[in-house]
Amino acid sequence: MYDLVIKNGRVVLPDGVIPADVCVDGECIAALLSPGKTPEGRTVIDAVGKLIFPGAIDTHVHLNDPGFTWREDYAHGTQAAAAGGVTTVIDMPLQNVPPLTDAARFCSKHEKVGANAWVDYSFWGGLVDYNLDQLAGLKESGCVAVKSFIGPVSPDYVSLNMGQVREALEILAPLGLRAGFHCEDYALIKWGEERIRRKNTLTWQDFLNSRPLIAEVMATRNVIDLARETGAKVHIVHVSHPEVAEIIREAQRSGVDVTGETCSHYLTFSAKEVLTHGSLYKCAPPLREASAIEGLWEYVLDGTLASICSDHSPCAPEEKSEEKHGIMGAWGGISGLQSLFQVIYHEAVVRRGFDPSLLARRLSEGPAKTFGLFPRKGNIQPGSDADLILVDPEREWEITPESLHYLNPISAFVGLKGFGLPILTIVRGQIVAEEGRITAPAPRGQLILPVAPGSHGRETGREVLS
């Protein structure tokens with residue numbers, strides 16, 4: 001007898017959707033069986049009319065814990081993830097006190113946040129100008145990648161110039177550790193900010209002008225050129241425009257080991273929202289022209305951008321206040337962790353008619369492969385973790401502040417409506433959330449380390465679909 005059986009559903013795999021029953025033993029997928037062949041389970045879920053997806057992996061979240069927990073903490077952030085169908089988060093090293101820049105800080109953060117995690121989690125390490133001698137230790141600790149800024153960054157972190165990037169990539173190449181980059185040219189942006197501050201009155205168009213597309217293009221080209229020279233693995237975070245994605249595609253075709261991601265807000269909103277609604281839609285890189293949205297979807301479809309993430313960047317309400325901080329000082333970031341899956345399902349499947357398997361590739365398999373978590377994560381196959389989402393494709397939804405589990409339930413996605421909603425989330429075989437509510441008795445998230453090459457990360461399962 002299996003511990004859990006999900007029967008009569010349609011299983012969404014990266015290469016298509018199949019009718020199958022999913023069988024779980026303990027924390028792992030034990031079997032995918034043709035309908036009608038499934039033995040009894042201690043718990044049986046009838047998924048008739050529903051889609052069964054692999055759990056989503058959000059590769060870019062800022063949970064602010066420890067250190068800035070008036071913005072977000074692990075309890076609220078990971079409950080939001082669970083409610084939205086995200087079963088693994090990869091947490092960024094900044095907006096932490098201290099930033100996660102060495103092995104000791106890795107261990108300290110794990111000790112402080114682990115008991116409050118409702119879903120599984122991995123860590124990005126920091127890449128700053130004072131820790132180049134600590135990068136090997138971060139890999140040994142279990143960081144899935146390291147994160148650097150080319151453009152301006154908050155005071156608790158450090159931007160790198162291209163000489164420092166080159167030295168870092170020379171160190172990282174033999175380690176095999178991927179480096180992620182926020183690509184906006186520092187000098188262009190700082191000078192752009194200086195230019196608009198000369199004006200007596202600022203508008204939101206001035207903010208957009210201060211962070212031009214060319215800054216993202218230049219920084220992306222420079223990072224990729226250095227990756228080509230050093231042989232290092234790089235990742236371009238939150239790609240905002242198809243022109244940047246095309247640079248990544250050309251580099252991939254020439255043999256550079258570069259991966260890329262975009263975010264739900266770049267695939268949904270445009271600069272028009274910034275001009276109309278202001279700071280709620282402020283982020284960096286900024287939202288672009290409406291035509292860029294459809295252009296980005298092309299690169300999601302062909303796999304140039306292997307991951308769609310949220311870049312969940314929460315804040316307290318007063319930090320978004322234009323009245324208090326001005327246009328340039330208001331917090332730049334969008335909270336999107338909980339809404340990631342439902343928004344992308346609606347935008348991809350409902351609005352554009354794409355096959356649901358696209359979500360299995362870009363929200364699960366692609367992220368897991370990029371950051372070394374596959375095949376333990378991002379997969380519905382025997383031996384993989386039983387991270388699963390039950391999705392009702394007919395369920396209509398509206399995002400409201402009351403529906404959000406964030407510590408500060410403010411988001412640019414509030415008010416958005418659509419179809420296709422996660423109604424049940426399973427993390428390693430246990431139901432954690434149902435109908436947007438947390439139902440597990442206690443947090444059970446685990447720290448997930450990269451899977452060793454050639455390893456499954458788990459024992460082999462018992463049966464394959466037959």
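**Entry 1: the sheet**

I count two strands as paired if DSSP finds at least two bridges between them. The model I am reading is a predicted one. With that rule I looked up strand S7 (residues 86-91) and strand S8 (residues 120-126), which pair in the parallel sense over 4 bridges. Within this pairing I noted that Asp91 stands opposite Phe123 in S8.

I then traced the sheet as a whole. It is open and has 8 strands, in the order S6-S7-S8-S9-S10-S11-S12-S13, with parallel pairing. Strand S6 (56-61) and strand S13 (307-309) are at the edges; each has a single partner strand, so one side of each lacks a neighbour in the sheet. I also took down the twist: on average, neighbouring strands of this sheet are turned by 30° against each other, direction ignored.

Next I checked two helices that pack on the sheet. Helix H4 (residues 162-175) touches strand S9 (145-149), strand S10 (179-182) and strand S11 (234-236), and its direction makes about 160° with that of S10. Helix H8 (residues 242-253) touches S11 and strand S12 (258-263), and its direction makes about 155° with that of S12.

**Entry 2: helix H8**

I stayed with H8 and tested its length. Its 12 residues should span 16 Å at 1.5 Å a residue, and I found its end C-alpha atoms 16 Å apart, which agrees. I listed its buried residues as Pro242, Val244, Ala245, Ile247, Ile248, Arg249 and Ala251. Their cover includes H7, S11, S12 and H10. Just after H8, I noted that Gly255 takes a positive phi of about 100°.

**Entry 3: helix H1**

I looked at helix H1 (residues 74-84) for burial and found it mostly covered, with 8 of its 11 residues buried. These are Tyr74, Gly77, Thr78, Ala80, Ala81, Ala82, Ala83 and Gly84. At the N-terminal end of H1 I found a cap: a side-chain oxygen of Asp73 lies 3.3 Å from the backbone nitrogen of Ala75. After H1 comes Gly85, with a positive phi near 90°.

**Entry 4: salt bridges**

I find 28 salt bridges in the structure. I followed three of them.

In one, the side chains of Glu27 and Arg444 meet at 3.5 Å, N to O. Glu27 sits in the loop between strand S2 (16-25) and strand S3 (28-33), while Arg444 sits in the segment after strand S17 (437-438), so the pair ties together parts that are 417 residues apart in sequence. I have Glu27 as partly exposed, at 23% relative accessibility. Arg444 is also partly exposed, at 21%.

In another, Arg211 and Glu184 bring their closest N and O atoms to 2.9 Å. Arg211 is in the loop between helix H6 (204-210) and helix H7 (213-230), and Glu184 is in the loop between S10 and helix H5 (186-197); the two are 27 residues apart. I found both Arg211 and Glu184 buried.

The third that I followed joins Arg352 and Glu294, with the closest N and O atoms 2.6 Å apart. Arg352 belongs to the loop between helix H12 (340-351) and helix H13 (357-370), Glu294 to helix H10 (residues 290-301), and 58 residues separate them. Is Arg352 buried or exposed? Its relative accessible area is 18%, and the cut-off for buried is under 20%, so I enter Arg352 as buried. Glu294 is partly exposed, with a relative accessible area of 46%.

I also noted a network of salt bridges that share partners, made up of Glu27, Asp120, Arg376, Lys377, Asp385, Asp387, Arg428 and Arg444.

**Entry 5: Asp385**

From that network I picked Asp385, which lies in the loop between H13 and strand S14 (388-398). Asp385 counts as buried, at 1% relative accessibility. I find its side chain in a polar contact with the side chain of Lys377, at 2.8 Å.

**Entry 6: Ser364**

I last looked up Ser364, in helix H13. Ser364 is buried, with a relative accessible area of 2%. What does the side chain of Ser364 reach? I find the backbone oxygen of Pro54 at 3.3 Å. Leaving out residues up to four places away in sequence, Ser364 touches Pro54, Gly55, Ala56, Ile57, Leu359 and Gly378.

Terms used
Residues are numbered from 1 along each chain as its sequence is written. This is a predicted model: local features need pLDDT of at least 70, side-chain atom pairs count only at pLDDT 80 or more; totals for chains, interfaces and linings use all residues. Side-chain values use heavy atoms; hydrogens and water are left out. Axes are lines fitted to C-alpha atoms, for helices over the stretch in contact, and angles run from 0 to 180 degrees between N-to-C directions. Contact means heavy atoms within 4.5 Å. A salt bridge is a side-chain nitrogen of Lys or Arg within 4 Å of a carboxyl oxygen of Asp or Glu. Buried means under 20% relative accessible area, exposed over 50%, partly exposed in between (1.4 Å probe, protein chains only). The expected span of a helix is 1.5 Å times one less than its number of residues. A polar contact is a pair of N or O atoms within 3.5 Å; within protein, one must be able to donate a hydrogen and the other to accept it, and residues adjacent in sequence count only if both atoms are side-chain atoms.
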